[in-house]
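Open your viewer and get ready to select residues by number. We will make a few stops and look around at each one.

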Amino acid sequence: MLRTNQPFLDYLDSLFTNQEHKDNIVLKSYEKGEKLLTQNEVSTKIMLVKSGITKCFFVEENDKEYIVEFLGKGEIIGEIEMLKNVSCLCSIEAITEVTVYSMTIPYFRSLIKSDLTLNNLLLDVFAERIVNTSSRASYQQLHTTEHTLSQLLEVKSKEMEISKEDMAAYLGITVRSLNRALKELKENEEAE
């Protein structure tokens, strides 16, 4: 539910520290609620989360929000849009204070052409996303909302604070349905 990538973070920490031109990669901070990327807008940077937690989400035509994933340290943002030369496929918003490494697109493109380590890290990221997406889709088909909700609540209690609206958007349900599921979970726990 919360994705992190320590090897990618280690790689970018090293790249940042050893860069010759200090404007190729800069540190940038975002406050809770601030957008790093906005769906359908053009991204001008590639970012990697250094610290904090973001949510990656789509806003559907009916203005409903659907959270695809929560992204933590070491997760890269904006690379697919750059590779495909398209506007942002989704929005990324800080749900805690977030610090990112922000890279210029020309610098990132030059690294792709010359740095095998970066290419291997990107291949791993893409493969991991495919596995996670298919696993999540099948999991949600096979398990009840209450079961998935109990797992989300477990992550929430350990790793991050998440609003009811975000929990509902992650589960693909309304806040009203979430409240009903929370009530049922509580009643089941009290009955045991």
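In which loop is D115 found? Select D115: this residue sits in the loop between α3 and α4 (116–142). Helices here are DSSP runs of H or I with at least four residues, strands are runs of E with at least two, and both are numbered from the N terminus.

A word before we move on: this is a predicted model, in which local features need pLDDT of at least 70, side-chain atom pairs count only at pLDDT 80 or more, and totals for chains, interfaces and linings use all residues. Residues are numbered from 1 along each chain as its sequence is written, and side-chain values use heavy atoms, with hydrogens and water left out.

Stay on D115. Is D115 buried or exposed? D115 counts as buried because its relative accessibility is 15% (buried means under 20% relative accessible area, exposed over 50%, partly exposed in between, with a 1.4 Å probe and protein chains only).

Now add Y11 and T117. The side chains of D115 and Y11 make a polar contact at 2.7 Å (a pair of N or O atoms within 3.5 Å; within protein, one must be able to donate a hydrogen and the other to accept it, and residues adjacent in sequence count only if both atoms are side-chain atoms). A polar atom of the D115 side chain also lies 2.9 Å from the backbone nitrogen of T117.

Next, select the sheet. Its four strands are ordered β2-β9-β4-β7, with antiparallel pairing, and the sheet is open (strands pair if DSSP finds at least two bridges between them). At the edges, β2 (25–30) and β7 (76–77) each pair on one side only. Finish by selecting L48 and I76: in β7, I76 is the bridge partner of L48.
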